[in-house]
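The exercises that follow are meant to be worked with the coordinates open, each task being followed by a solution in steps.

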Amino acid sequence: MIVRVTLEIAVGKEFDYQVPLDLRRLVTVGSRVKVPFGPRQLMGVVTALVETGKVTKLRDVVSVVGKQSLVTPNILSLARWMAEYYCCPVETALKSVLPDSVRKEREGWKERLFVRALSLDGGLPPLTKRQATVWAIVERHREIPLQSLIREAKTSPETVRRLEDKGLVAITPQVLERDPFANETIVPTTKLALNEGQEKALDEIIGVCDRPEEGQQVFLLHGVTGSGKTEVYLQAIEHVLEQGKGAIVLVPEISLTPQTVERFKARFSQGPLRTLVAVLHSHLSAGEKHDEWHKIRQGRARIVIGARSAVFAPVDPLGLIIVDEEHEYSYKQEEAPRYHARDVGIVRAQREGAVVVLGTATPSMETYYNAQRGKYRLLELASRVDTKTLPLVRVVDLRLEARKEKGIPIFSLKLKEGITQRLERGEQVMLFLNRRGYAASLQCPLCGFVAGCPHCSVSLAYHRHDAQLRCHVCGHVEGVPRVCPQPECRSPQIRYAGIGTERVEETLGKLFPKARVRRMDSDALRRKDDYRLILNEFRLGKIDILLGTQMIAKGLHFPNVTLVGIVYADLSLHIPDFRAGERTFQLLTQVAGRAGRGDVEGEVFVQSFTPFHPAIQHARRHDYQGFYEQEVEFRRELSYPPLMRMCALTLRGRHEDRTRMAAEYLKGRIEEGITDLRELIIAGPAEATLLRAESFYRFQIVLRTHSMAALGQRLAALMVKVDLPDDVQVIVDIDPATF
Ligand code: ADP
Ligand code: ZN
Ligand code: ZN
């Protein structure tokens, strides 16, 4: 028996090994094995059983790790597709399909000793006083972890052993699962009667679930926040459970709150379709991840909720993949393999005969374009479930305000009044500014000096609470100068420019001294639980004004929030990325969706210096269609996605000229090497948006094509042949999400 093995080191090759007789029974495709490699032993995954080896003299597999193969054939072939499509080594792709803790199996199941009361046949034997106390506790619990018993009875393990000797209790090791939501109580729910729109959507989805071989398997469920998408997901899942299949629900990391998880757990916590719901996301401990993953692998959890990498969860058979907030950029992984979970999900579903539902209020241009072309089936939920109107959005022209107030105000008069009114009525306010810190930069008005990062081409942000200048790209920190550091200037008038969340927090304190204000950005969250705790306080009404970065913009449901303010809508508009307009539209729509989810009508204030920008105006009217139509024209004129596919090659090096020259050279090789693809557009090399980041200079070549799979293959073949300087690295990003 010969197996082909992918090793854990990225060498871009697979190796064949002989399987000794005693291991044959244990080895299948997907098994993890320890194999000799040079003088070392390495871990690897069996990717195939082969007839004849690549070389005649094969070395032996040393051992098989774990009882069950971890990578199922389905996931293995998905990893291979990923490596090919995203131009990365198979090993890299394989690594990302298993959580680290599962792959390395450092954290096994946690075993603990449990004490269990045995049934007494012949009555209670004589006990000492101490033994009697311990016995009473065991009897009350029936079963209790040894450690808890010792604590509760203030006793020693010896005393418990005496009870065991007398045949009263059994002490046995048992697996104790780490449940990240152990302390939540879950109230079971049953399905709601659907409204007409939901009913129609569900019918179509179920129809395809029953006959996946006919018709289009990908749905776009387009509905505003509060239109009842989640209820449709829940009932679609119920249907696939009835079919004996499982479901994966992808949610952006940031929306993966206990609230979200609870809605799914509550629906499937009892009844005939009862199943565990596993949760996979980056905040779990390694041990928790291990346990959650194995619950899925063993088939005990047939529903998985998770962030990006949950798309690889070993649900088998798989009936449904839901991608909530499909437009979110966090679905794209920013390191190799640079995959997009939505797109991988669609490919996986296609191979496994599953159905995909993409849900959002603001579809990405790519998804809506595909729906328009009939590649996906479009389902619309036109209004909110409760027929509540969408909040009134007021756009405040900050240019006028600036003229009135001499200088740039943080709060316009209208926004100030709005907040005052809401606070007086005991309602809650959310304010949003996508920039943390106190000020964006430190500047000298006399000589024009701006404090910049020594490693990146950005200015340093001023953080007041710890009096530091910080780089938001690389994390570089330095002290705050009292005078201008330019030797010939030394002016003491150095001042802050550009407003961050800390500054808004300070101003709020002055304007509304009685209000309870909390700031929520990555600086304010110090511990793992802070996010949860702050939101909980907000929900309980212990906070009046919640102020934050994009962290607070997503999928949260607070009925008492009646006013949402966007302090500067322009921040996301003026980034040099062709998706700036799309992103601003999405952001404004999502943020606006936070207001008025309860009984009181909500209102939204958008403060902006460019109030007539189409992204702002369409968001103001809640007009997705209008936005899409004007945006797709703009993309068409420039041959940008979704009209063409894109691939970004970033060259990275410490030496500016060498990196630039390497980029020129690579472009030349592409031009002469890839000639058979019609309509291939090659742009650049150009300086990356941030020319310098973390001391690396970066140049970009952008390729556009109608057939990305073909381009990917050509590129992979070409990259092996080009000879770039050792100190210049190339990053291939297929379908890049950001620039
Ligand atoms: P979305 O996921 O689109 O934001 P949700 O599914 O969360 O919308 O629905 C918003 C609210 O409406 C939730 O509180 C949900 O329980 C409720 N809801 C959804 N569908 C119905 C229905 N058919 N009847 C009554 N209430 C519903
Ligand atoms: Zn100066
Ligand atoms: Zn930096």
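Donors are taken here as N, O and S atoms within 2.8 Å of the metal, with a limit of 3.2 Å for Na, K and Ca, and since water is not among the atoms, sites may look incomplete. The model is predicted.

**Exercise 1. Identify the protein donors of the zinc ion (ligand 2) and work out which arrangement they form.**

Step 1. Applying the cut-off of 2.8 Å, one finds the SG atoms of C444, C447, C484 and C489, which lie 2.3 Å from the zinc ion (ligand 2).

Step 2. Four donors count as tetrahedral if all angles lie between 85 and 135 degrees; the angles subtended by the four donor atoms around this ion run from 103 to 112 degrees, and the arrangement is therefore tetrahedral.

Step 3. Along the sequence, the donor residues follow the spacing C-x2-C-x36-C-x4-C. C447 belongs to the loop between β18 (439-443) and β19 (461-463), while C484 belongs to the loop between β21 (477-478) and β22 (495-499), so this pair ties together parts that are 37 residues apart in sequence.

**Exercise 2. Decide for C447, C484 and T501 whether each is buried, partly exposed or exposed.**

Step 1. The class buried requires a relative accessible area under 20%, the class exposed requires over 50%, and partly exposed covers what is in between.

Step 2. C447 has a relative accessible area of 39% and is therefore partly exposed, whereas C484, with a value of 0%, is buried.

Step 3. T501, which lies in helix α15 (residues 501-511), is buried because its relative accessibility is 0%. Leaving aside residues up to four places away in sequence, T501 touches L433, R435, R436, G437, R519, D521, L547, G548 and T549.

**Exercise 3. Describe the second largest pocket by its volume, its lining and the character of the lining residues.**

Step 1. The space in the second largest pocket amounts to about 930 Å³.

Step 2. Its lining consists of 42 residues, and those that lie nearest the centre are D343, N370, K375, Y376 and R645.

Step 3. At least two lining residues come from each of α1 (73-85), α11 (341-352), α12 (365-372), β27 (645-653) and α21 (708-721), and the largest share, six residues, is that of α11.

Step 4. Sorted by character, the lining of this pocket holds 20 nonpolar, ten polar and twelve charged residues.

**Exercise 4. State how many cavities of 30 Å³ or more the structure holds, and set out the linings of the largest and the second largest cavity.**

Step 1. Rolling a probe the size of a water molecule over the atoms shows where empty space is left. For the whole structure, the search returns five cavities of 30 Å³ or more.

Step 2. The largest cavity encloses about 100 Å³, and its lining is made up of T6, L7, E8, R32, V45, V71, E91, L94, K95, L98 and R103. Both β1 (2-7) and α2 (90-96) supply at least two of these residues, with α2 giving the most, three residues.

Step 3. For the second largest cavity the volume is about 60 Å³, and the lining residues are F432, N434, I566, Y568, A569, L571, S572, L587 and L588.

Step 4. The lining of the largest cavity divides into five nonpolar, one polar and five charged residues, while that of the second largest cavity has seven nonpolar, two polar and no charged residues.

Key: Residues are numbered from 1 along each chain as its sequence is written. Chains are lettered from A and ligands numbered from 1 in the order in which they are written. This is a predicted model: local features need pLDDT of at least 70, side-chain atom pairs count only at pLDDT 80 or more; totals for chains, interfaces and linings use all residues. Side-chain values use heavy atoms; hydrogens and water are left out. Four donors count as tetrahedral if all angles lie between 85 and 135 degrees; four count as square planar and six as octahedral if opposite donors are over 155 degrees apart and all others between 65 and 115; anything else is irregular. Helices (H or I, at least four residues) and strands (E, at least two) are DSSP runs, numbered from the N terminus. Buried means under 20% relative accessible area, exposed over 50%, partly exposed in between (1.4 Å probe, protein chains only). On a 1 Å grid over the protein atoms alone, a cavity is a set of points where a 1.4 Å probe fits but cannot get out, and a pocket is an open set with protein on both sides within 12 Å along at least five of seven lines; lining residues have an atom within 4 Å of a point. Grid points are joined across faces, edges and corners, and a volume is the space filled by probe spheres set on the points. Ala, Val, Leu, Ile, Met, Phe, Trp, Tyr, Cys and Pro count as nonpolar, Asp, Glu, Lys and Arg as charged, and the others, Gly among them, as polar. Contact means heavy atoms within 4.5 Å.
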